[in-house]
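Hi,

Here is the structure I promised to pass on. Have a look at it first, then read my notes below with the model open beside you.

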Amino acid sequence: MTLVEKGRVALNVSVEEWMGQALKEAPIREAPLTAEVVLATKKISLPHRDPADTFLAATALVFGLTLVTSDVRLLSVKGLPSLANR
């Protein structure tokens, strides 16, 4: 939503419509923000101080997920399972 508001991503429909359609078409589940994820953020060392990226990395680690990203800073984090989306 932030990327749409900043003009970095353009959609032909509202964010709400896009999310609804994407969740119907993609077999994904949401990972909740739990106390374990919050505590894991203290164990994450990122090369930058973006709190959203810290939560993404901690969530991937806690739930044993692979983080799919095009952010080279996240791709360079040792011990963080990631896949380049380019």
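Helix α4 is the element that gives the most to the lining of the largest pocket, with six residues. Before going further, please keep in mind that this is a predicted model, so everything below is computed from it.

Back to that pocket. Its volume is about 1500 Å³. There are 34 residues lining it, and those closest to its centre are Leu3, Met19, Leu56, Leu67 and Val68. Which elements each supply at least two residues of the lining? They are α1 (2–5), α2 (15–25), α4 (51–63) and β1 (67–69). If you sort the lining by residue type, you get 21 nonpolar residues, six polar ones and seven charged ones.

Now for α4 itself. This helix has 13 residues, and from its first C-alpha to its last it reaches 18 Å, close to the 18 Å expected at 1.5 Å a residue. Which of its residues are buried? In α4 these are Asp53, Thr54, Ala57, Ala58, Thr59 and Ala60. Here is a handy rule for reading a list like that: an α-helix has 3.6 residues a turn, so residues three or four places apart point the same way. As for what lies against them, the buried residues of α4 pack against α3 (35–40), β1 and α5 (72–75).

Thr54 is a good one to click on. You will find Thr54 in helix α4. Is Thr54 buried or exposed? Thr54 is buried, because its relative accessible area is 17% and the cut-off for buried is under 20%. If you leave out neighbours within four places in sequence, Thr54 is in contact with Thr41, Ile44 and Leu46.

Next, try His48, which is in the loop between α3 and α4. With a relative accessible area of 12%, His48 is buried too, since that is under 20%. Not counting residues up to four places away in sequence, His48 touches Asp53, Arg73 and Leu74. Asp53 is also one of the buried residues of α4. The pair His48 and Leu74 is worth displaying: they are 26 residues apart in sequence, and their C-alpha atoms are 9.2 Å apart in space.

For contrast, go to Glu17 in helix α2. Is Glu17 buried or exposed? Glu17 counts as exposed because its relative accessibility is 51% and the cut-off for exposed is over 50%. Glu17 and Leu39 are 22 residues apart along the chain, and 33 Å separates their C-alpha atoms. Try drawing that distance and the one from His48 to Leu74 on your screen.

Finally, the chain as a whole. It has five helices and two strands, which follow the pattern α-α-α-α-β-α-β along the sequence. The C-alpha trace spans about 40 × 25 × 20 Å along its principal axes. Of the 86 residues in the chain, 22% are buried. Among contacts with a separation of 6 or more, 22% are between residues 24 or more positions apart. About 6800 Å² of the chain is exposed, and 56% of that comes from carbon and sulfur atoms.

Shout if you get stuck finding any of these.

Cheers

Definitions and conventions. Residues numbered from 1 in each chain as written. Predicted model: local features only at pLDDT ≥ 70, side-chain atom pairs only at ≥ 80, totals over all residues. Heavy atoms only, no water. 1 Å grid on protein atoms, 1.4 Å probe; cavity = no way out; pocket = protein on both sides within 12 Å on 5 of 7 lines; lining within 4 Å. Points joined across faces, edges and corners; volume = space filled by probe spheres on them. Helix = DSSP H or I, 4+ residues; strand = E, 2+ residues; numbered from the N terminus. Nonpolar A, V, L, I, M, F, W, Y, C, P; charged D, E, K, R; others polar. Buried < 20%, exposed > 50% of the residue type's maximum accessible area, 1.4 Å probe, protein only. Contact = heavy atoms within 4.5 Å. Areas by Shrake-Rupley, 256 points an atom, 1.4 Å probe, with all protein chains shown as cover. Expected span 1.5 Å × (residues − 1).
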